[in-house]
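Here's a quick walk through a two-chain model, from domains and helix packing down to a few single residues. Have a look at the structure first, then read on.

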Amino acid sequence: MLLATVLKAIRANRVKTALIYISLVVTISAIFLISAISHGVISMYSNILQSSGDIIVTQKNISDTFFSNVDTQLMPKIEKIAGVKRVSAIIVGASPVEVLPIVAIYGVSKNLYPRYKLQLGEYPKKGEVLVGASIYKALTNKKELHIANKSFVLSGVFHSEIGFENGGVVMNLEDAGAIFNKSASMLYVNINLAQNAQTIMKEITQLDTNIAVKSTKDFVNHYNQFKIISSSSLLVSLIAFIMGLIAIGSIMSITVLQRKDEFGIMKALGISSVKITSLIVLEGIVTGVFAFVSAYIVSIIALELIKNIAKFQGYVSGTIDAQLAVSVFIATMVMTVLGSLIPVYTALKVDPVTLIQRGN
Amino acid sequence: MMIEAKALTHIYGSDEVLHAVNLLVQEGEFVAIVGESGSGKTTLLSILSTLLTPTQGSVEIIGNKTKRIKKIDDFRRKNIGFIFQFHYLINYLTVYENITLAIDKENKTAVPMLLKELGIEALRERYPYEISGGQRQRVAIARALANHPKVIFADEPTGNLDSKNSNNVFALLKEMAKKNNITVVVATHDLQQAKNADTIYEMNDGHISNYN
């Protein structure tokens with residue numbers, strides 16, 4: 001009976017319900033997209049790091065890996081430490097390529113080549129580059145690339161599930177070092193499972209006073225850029241949430257104002273304020289559930305479209321996992337309950353007669 | 001004694017609309033309060049029926065001082081029926097849903113009989129906007145009777161109807177009240193209809209007096 005009444009009330013107030021529904025869909029989709037994309041950026045870069053080594057060596061006291069410079073002469077010294085399986089080096093940089101304003105450039109030691117799965121051609125030699133499948137589609141000249149006033153021959157095309165890699169250019173460490181004027185951004189160290197990582201990290205630290213050594217997990221968890229992206233995303237989502245709350249609250253206030261006589265009659269007939277409030281809040285919740293499902297579908301479609309926009313080179317992508325969906329659903333419910341509760345609570349504080357008179 | 005009002009005064013802003021009104025209504029009595037528009041009839045009815053709190057004075061209804069009633073919604077639902085001039089049915093609910101909107105479970109089984117007695121059983125699934133003014137007021141009477149109240153307050157129940165429908169609705173209200181031993185307090189400006197009541201009071205500029 002309660003739900004049937006709620007559905008009839010929603011149908012009777014369909015214009016205002018539609019406005020609330022649209023506000024909710026826009027707000028929820030914004031929260032979904034902001035969170036999914038920022039989460040996507042973080043997971044793409046952390047996946048690169050986590051799949052490359054157990055320990056990461058960077059320059060000490062740098063705010064970003066882009067600014068890090070580690071001497072590759074440390075590599076043979078690290079390799080000698082007991083328990084170390086492999087040491088590799090990477091330079092992470094960015095440069096314009098053709099009409100694309102920014103493209104990720106990875107200068108890698110040869111032992112990292114196998115992580116880039118070849119689709120065409122072969123791994124690059126000096127003066128050559130390997131390009132990701134998504135950037136390859138966007139290139140007009142598929143034989144030669146110009147990076148920082150230098151020409152490179154395309155040696156092949158690779159595919160990676162990580163958007164940052166799939167939309168990037170891979171070259172050998174020496175060529176990248178000449179472009180970005182550094183030895184390496186980071187060193188990745190793979191160790192034997194049986195070995196104590198802490199002991200190895202301690203030994204690496206003692207090799208150079210200018211380096212910072214962290215386990216990959218620790219590095220990812222404390223990487224400043226990730227914290228900045230997460231905080232910014234949370235802040236923007238919070239602003240979207242507040243804007244949504246204000247929109248729903250405003251429309252709900254108008255709805256409640258126009259239905260004051262209805263609530264006055266209900267009160268006069270002896271229906272408790274709690275039950276009347278429940279009716280209105282349930283109207284909000286039902287609208288919220290429909291809006292959430294719609295926003296979820298809209299966001300999935302939008303993310304899929306964004307992922308396939310060539311201009312974004314695969315750098316902008318995101319997925320909505322269960323945790324994000326549950327969090328946004330809770331936020332939606334809080335938004336609809338608060339947005340409905342406040343206006344109806346304020347309205348029901350007055351006498352039924354006043355409500356009936358004001359409703360006319 | 002069903003209702004006793006003592007020295008009721010009510011002020012809206014700076015206007016004193018009721019001046020120390022005293023009133024006694026006995027159980028089963030049909031009382032009419034007549035007066036011109038703005039004389040204070042509706043305010044008095046609202047205060048007597050617990051819908052409005054008086055600025056001063058007290059009301060005792062069915063042995064309860066209204067200011068001391070803790071669960072006022074429950075009290076109204078179980079003891080008081082309302083009929084308003086503009087029927088105030090909820091447009092998006094059917095006739096049956098309007099009648100049973102605030103009904104207690106135990107009274108639900110009697111609704112079909114009530115609809116039959118009021119001649120509106122065929123309107124059960126219609127919406128208020130699909131029926132005539134007279135039919136709407138019958139539905140409003142059914143809603144007022146649905147919880148078997150002890151008192152019904154009716155504010156200009158025929159104010160929006162033509163004379164034929166007015167007579168019918170008034171006669172029906174009186175008949176149902178008598179049959180179920182319900183006390184009725186009606187506010188009306190229609191003196192002819194008021195003459196059907198057991199007792200008539202006249203409101204004039206916030207003062208009440210016996211109608212002669």
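Domain bounds here come from an automatic or database domain assignment. For chain A that assignment gives domain 1 (2-44 + 226-358) and domain 2 (61-209). The C-alpha centres of domain 1 of chain A and domain 2 of chain A are 45 Å apart. Their contact draws six residues from domain 1 of chain A and eleven residues from domain 2 of chain A, where two residues are in contact if their C-beta atoms, placed from the backbone, lie within 7 Å. On the domain 1 side of chain A, the residues touching domain 2 of chain A are three nonpolar, three polar and no charged. For those classes, Ala, Val, Leu, Ile, Met, Phe, Trp, Tyr, Cys and Pro count as nonpolar, Asp, Glu, Lys and Arg as charged, and the others, Gly among them, as polar.

A word on provenance: this is a predicted model, in which local features need pLDDT of at least 70, side-chain atom pairs count only at pLDDT 80 or more, and totals for chains, interfaces and linings use all residues. Residues are numbered from 1 along each chain as its sequence is written, while chains are lettered from A and ligands numbered from 1 in the order in which they are written.

On confidence, the model scores ipTM 0.88 and pTM 0.76. Chain B has a mean pLDDT of 90, with 99% of its residues at 70 or more; pLDDT is the predictor's confidence in each residue, from 0 to 100. Among the elements of chain B, helix α6 (residues 163-179) has the lowest mean pLDDT (82), and helix α3 (residues 95-99) has the highest (95). Helices (H or I, at least four residues) and strands (E, at least two) are DSSP runs, numbered from the N terminus.

How do the two chains meet? Across the interface, 17 residues of chain A are in contact with 16 residues of chain B. Elements α1 (2-12), α10 (260-268) and α13 (352-358) of chain A each supply at least two residues of the chain A side. That side of chain A divides into eight nonpolar, three polar and six charged residues.

Now for a helix pair inside chain A. The axes of α9 (residues 224-258) and α12 (residues 322-347) of chain A come within 8 Å and cross at roughly 35 degrees; axes are lines fitted to C-alpha atoms, for helices over the stretch in contact, with angles running from 0 to 180 degrees between N-to-C directions. The contact includes A:Phe241 and A:Leu245 from α9(A), and A:Met335 and A:Ile342 from α12(A). By class, this contact of α9(A) with α12(A) has twelve nonpolar, six polar and no charged residues.

A:Leu324 also sits in helix α12 of chain A. Leaving aside neighbours within four places in sequence, A:Leu324 is in contact with A:Ser35, A:Ala36 and A:His39.

Two asparagines stand out for their backbone. Most residues other than glycine have a negative phi. A:Asn61 has a positive phi of about 55 degrees, and A:Asn181 also has a positive phi of about 55 degrees.

Here are the three residues by C-beta count (buried at 20 or more other C-beta atoms within 10 Å, exposed at 12 or fewer, partly exposed in between; C-beta atoms placed from the backbone).

| Residue | C-beta neighbours within 10 Å | Class |
|---|---|---|
| A:Leu324 | 17 C-beta atoms | partly exposed |
| A:Asn61 | 9 C-beta atoms | exposed |
| A:Asn181 | 10 C-beta atoms | exposed |
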